[in-house]
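Welcome! This short report walks through a few packing details of one protein chain, starting with a pair of helices and moving on to aromatic rings and a strand residue.

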Amino acid sequence: MAITLHLRSESKPLEHRSALTPSTTKALLEAGYKVNVERSPVRIFDDEEFEKVGATLVPEGSWVDAPTDHIIVGLKELPEDKFALKHTHVQFAHCYKNQGGWEEVLSRFPQGGGTLLDLEFLTDDAGRRVAAFGYHAGYAGAALAVEAWAYQLQHPEAKTMPAVSSYPDQDALLSDVRAKMQEGEAITKRKPQVLVIGALGRCGRGAVDLCKQAGIPDENILKWDMAETAKGGPFDEIIESDIFVNCIYLSEEIPPFVNDESLKKEKRNLSVICDVSCDTTNPHNPVPVYTENSTFSRPTLPVPGYDNPPISVISIDHLPSLLPREASEAFSQALLPSLLELKDRQTSRVWQQAEGLFSSKVGTLPESMRSTFQRVADSMPSMPGTGSK
């Protein structure tokens, strides 16, 4: 019996990316999968592009009533709600690292007998993520940071820079960034100095590439990674730069890179922080100078109490949607080999590992929040790799 994948329409405002693209949908169909695609008013790919390759178009939001054996595929979080989830969901759920409200998000799955296969934690044999948006997140984050630097120079009293929206392609974004940087350079008579932490990773490489392509000379781009941060922060080099781009993957508690004490130093040039990692509600956030996410409609948030220069924070948690077509294609192509293994989910290492992680995380919930899961787990024989008892 063919497995049916159900691509849901994203509900996050201004989220134009897609976990499946017409090209990867075509590959799945040719491999024997059925693919239902919800009509979407926001997806970068037109509905007809999916229909043309053979997918079945279904109404937006119809995943809720889909048969329970359909696998629901998406990217960002589901809309906040309380009803129990009965399907297997492949998505980013942002609830495995004790983020704010994680218990409420995760508990919906065991309460309905559903399963979460979190895209953030799908790894290959070497422990490297099989698919990630990191490169385009860093690229887009650095782009907005340069634009924010220039805008702040022109409008030092502004609380936020104007709303931004996705670009049709990378060339259009670059053209915009170069023009904005020239405006800032006309005021400062120099290009900005940028410090990127996590520069050796996907995200950091994207940030560095944007800076270079925008015309920032290499000597103005400080590329830091684990060796440079090993001594522990806060770091004066951050506050002496104009722009700080944080691109690390936070896996454990570390000293802060920057904090209120370091920002108060007289030698501060820092005016823009782009926290691409966006661990806003993580108790170990190494950039603990802001408390809320910014958005495409409000791209920057002021850090209270600082002026001359003011400090703006960019903390948008879906930055790759600034370049939705390129980001979606790169991510979906990287994810495709794993998606093709869904028909062998019971033996596929990547999916068994994901199920095992889900089971272990559910096990940390209060028993009252995982009652359905516990009843099912207790009634089943132990299965290697799933975490079931």
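A crossing of two helices is called left-handed if the near helix is turned anticlockwise from the far one by less than a right angle, and right-handed if clockwise. Please keep in mind that what you see is a predicted model.

**Two helices side by side**

With that term in hand, look at helix H4 (residues 134-154) and helix H5 (residues 170-188): H4 passes H5 in a left-handed crossing. Their axes lie 8 Å apart and make an angle of about 30°. On the H4 side, the residues that meet H5 include Tyr 139, Ala 143, Val 146 and Trp 149. Their partners in H5 include Leu 173, Leu 174, Val 177, Lys 180 and Met 181. Sorted by character, the residues of this contact comprise 11 nonpolar, four polar and five charged.

**Aromatic rings**

Across the whole structure, a search turns up 11 aromatic pairs. Two of them are set out here.

| Pair | Geometry | Centre to centre | Angle between planes |
|---|---|---|---|
| Phe 92 and Phe 133 | tilted | 6.4 Å | 50° |
| Phe 109 and Phe 358 | edge-to-face | 6.3 Å | 80° |

Phe 109 belongs to helix H3 and Phe 358 to helix H11 (residues 349-362), so their pair ties together parts that are 249 residues apart in sequence. Phe 109 is buried, with a relative accessible area of 2%, and Phe 358 is buried as well, at 3%.

As for the tilted pair, both Phe 92 and Phe 133 are buried. Elsewhere, ring pairs join Trp 224, Phe 235, Phe 244 and Phe 257 into a cluster.

Rings also meet charges in this model. The charged end of Lys 97 sits over the ring of Tyr 249, 4.6 Å from its centre. Likewise, Arg 108 places its charged end over the ring of Phe 83, 4.6 Å from the ring centre.

**A closer look at one strand residue**

Is Ile 314 buried or exposed? Its relative accessibility is 0%, and buried means under 20%, so Ile 314 counts as buried. This residue is found in strand S12 (residues 312-314). Setting aside neighbours within four places in sequence, Ile 314 is in contact with residues including Leu 144, Ala 145 and Ala 148. Further contacts of Ile 314 include Val 272, Ile 273, Cys 274, Asp 275 and Pro 299. By contrast, Gln 346 is 32 residues away along the chain, and its C-alpha atom is separated from that of Ile 314 by 41 Å.

Conventions:
Residues numbered from 1 in each chain as written. Predicted model: local features only at pLDDT ≥ 70, side-chain atom pairs only at ≥ 80, totals over all residues. Heavy atoms only, no water. Axes fitted to C-alpha atoms, helices over the stretch in contact; angles between N-to-C directions. Helix = DSSP H or I, 4+ residues; strand = E, 2+ residues; numbered from the N terminus. Contact = heavy atoms within 4.5 Å. Nonpolar A, V, L, I, M, F, W, Y, C, P; charged D, E, K, R; others polar. Phe/Tyr/Trp six-rings, centres within 6.5 Å; stacked < 30°, edge-to-face > 60°. Buried < 20%, exposed > 50% of the residue type's maximum accessible area, 1.4 Å probe, protein only. Lys NZ or Arg CZ within 6 Å of the ring centre and 35° of its normal.
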